Amino acid sequence: MSRQIQSKPLNRSLGAAKAAKQDEFYTQYVDIQKEVEAYLEFDPDTFRGKVVYCNCDDPFESNFFKYFAANFNKLALKKLIATSYDGSPIAGQGSLFPEYNEGNGKRQKPKAIAVILDYVKDEDGDGAANIEDVKLFLKRNKAARIALKGDDKFPGGDFRSADCVAFLKEADIVVTNPPFSLFRVYVAQIMEYKKKLLIIGNLNAITYKEIFPLIKDNKLWMGVSIHSGDREFRVPDHYPLNAAGWRIDENGVKYIRVKGVRWYTNLDHGRRHQRLEGMTLAENLRFSKHKEIKGKAAYDRYDNYDAIEVPFTDAIPGDYDGMMGVPITFLDKYNPEQYEILGITKTWDGGACKTYSMQTQVSKDGSKSLVSKLNDGPAIKVSECPTGKTYYRVGTENFIQLYARVLIRVLTRPARGRKK
Ligand SMILES: C[S@@+](CC[C@H](N)C(=O)[O-])C[C@H]1O[C@@H](n2cnc3c(N)ncnc32)[C@H](O)[C@@H]1O
């Protein structure tokens, strides 16, 4: 039971963590277990004979290491490598091993180390090979941990340091929750070495110009578990609990709830082969549960992209052949056999068919300023100036701007939706 629970609406985002360089969010065992096991349902051999590398993971504290060590034989791993970062603080109580409590009773500062497991066997002779045996093995074999020194560019344990790159080259699948502030660089490195990955990131990373092209080209996609709300992470003892949505458990361990968290991967899984079965365009206009669509004569069209606006994934018309702008959360349901991703409504993607000159932004409170940001996303022309909503005036025309949209087109349709 929790010692304290904060139940206000959640407002901390990974984006905020990134801005504050608060990279210390520790993933819970159950989240890792749930995600990894979904791949096994699709292909039980996903991890068989593979070298798994957790490269932002203190082996004595990370649940990634704990999960893969505990399931080493079940997954039929060839090897498990975990490396910790020199600057990484101790997460707090509840560490997997008493490692940092040993000695004079004070908690010791962790050093950058690598722990490598080639096998997990029944060390304690209780008839099973499990995490207790890993603990015993690491206690008995101090040589199983290697000190990481770093190099002239990066500190020990930095995923970019020479030691860690050597481990990466040996690895088949990299699985971790990397520092949010280094997400772009992190993914670029995995792609450079052509490795499989299963990592946690911020939903908004979809819109990064370094990340989106990988998604568009089906080199990276969303993982299986979707948390439409938020996900709970352990944070270090010193972490300031000024966010809403936090708790401290009975052992004094701090947790915060984080919005917009997703798994990113290039491992295949079942959900990306499931079809989205939506209504036709005409059916949506008649029966949609969304007031933004039901009863309208047509879907809105963007003024600066050659596409219709589909504000909800479940309102994607199954029979529409043209380009559609859909929310980025569509990617949670994306099936590459059913849809083609054509772009994203960001200036850097270059898909806009129109550029606006300077605009007057009219804010909710009626204040006006000269801006150019209407070009940053999809714009819809409105016949009346909206009240209580920011809009933009260009000459005599008024526009509202929407969030970033992914531009898609249907590739194949079920027979029912095909036009005669
Ligand atoms: C979001 S935390 C996640 C920790 C752990 N993977 C987990 O999920 O519980 C990111 C971790 O990466 C470490 N880190 C920060 N910069 C790093 C770097 N350049 N190379 C490797 N690890 C880094 C941080 O100290 C932190 O422990």
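**Stop 1: a four-stranded sheet**

Start by selecting strands 13, 14, 21 and 15: these four strands make an open sheet, arranged in the order 13-14-21-15, and their pairing is mixed. Strand 13 (308-309) and strand 15 (339-344) are the edge strands, each pairing on one side only. Keep in mind as you look around that this is a predicted model.

Now zoom in on strand 14 (residues 324-327) and strand 21 (residues 405-410), which pair in the antiparallel sense over four bridges. Which residue of strand 21 stands opposite Gly325? Select Leu407, and you have found the residue facing Gly325. In general, strands of a sheet pair through backbone hydrogen bonds, either parallel or antiparallel.

**Stop 2: the whole chain**

Zoom out and show everything. The chain has nine helices and 21 strands. Of its 420 residues, 40% count as buried. Among the contacts with a separation of 6 or more, 70% link residues 24 or more positions apart.

Next, colour the chain by pLDDT. The average is 87, and 86% of the residues score at least 70. Select residues 1-13: here the pLDDT is below 50, and the stretch has 30 contacts in the model beyond near neighbours in sequence. Then select residues 16-20, where pLDDT also stays under 50 and the model has five contacts beyond four places in sequence. Where pLDDT is low, the predicted coordinates should not be read in detail.

**Stop 3: an eight-stranded sheet**

Select strands 5, 4, 3, 2, 6, 7, 12 and 8. In that order they form an open sheet of eight strands with mixed pairing. Strand 5 (145-147) and strand 8 stand at the edges; each has a single partner strand, so one side of each lacks a neighbour in the sheet.

For a closer look, pick strand 7 (residues 196-202) and strand 12 (residues 261-265), an antiparallel pair joined over five bridges. Click on Ile199: its bridge partner in strand 12 is Tyr264.

Add helix 3 to your selection. Helix 3 packs on this sheet, touching strand 2 (51-54), strand 3, strand 4 (113-117) and strand 6 (173-176). The direction of helix 3 makes about 160° with that of strand 2.

**Stop 4: helix 3 and the core**

Stay with helix 3 (residues 63-70). Are its residues buried or exposed? Eight of the eight are buried, so the helix is largely enclosed by the rest of the structure. The buried residues include Phe64, Phe65, Lys66 and Tyr67.

Now look for the largest nonpolar core, which has 98 residues; Val52, Tyr53, Phe68, Ala69, Leu80 and Val406 touch the most other members. Helix 3 gives the most to this core, with six residues. The core also draws at least three residues from each of domain 1 (4-272) and domain 2 (278-410). In soluble globular proteins, nonpolar side chains tend to be buried together.

Select Leu80 to see its surroundings: leaving out residues up to four places away in sequence, Leu80 touches Val52, Phe68, Ala69, Phe72 and Leu117.

**Stop 5: two loop residues**

Finish with Ala76, in the loop between helix 4 (72-75) and strand 3 (79-83). Its phi is near 60°, a positive value in a residue other than glycine. Ala76 counts as partly exposed because it has 14 C-beta neighbours inside 10 Å.

Then move to Asn218, in the loop between helix 8 (212-216) and strand 8 (221-222). Asn218 has a positive phi of about 55°, although it is not a glycine. With 13 C-beta neighbours inside 10 Å, Asn218 counts as partly exposed.

Key. Residues numbered from 1 in each chain as written. Predicted model: local features only at pLDDT ≥ 70, side-chain atom pairs only at ≥ 80, totals over all residues. Buried ≥ 20, exposed ≤ 12 C-beta atoms within 10 Å, placed from the backbone. Contact = placed C-beta atoms within 7 Å. Pairing = 2+ DSSP bridges. pLDDT = per-residue confidence, 0-100. Core = buried A, V, L, I, M, F, W, Y, C linked by C-beta atoms within 7 Å. Domains from an automatic or database assignment. Axes fitted to C-alpha atoms, helices over the stretch in contact; angles between N-to-C directions.
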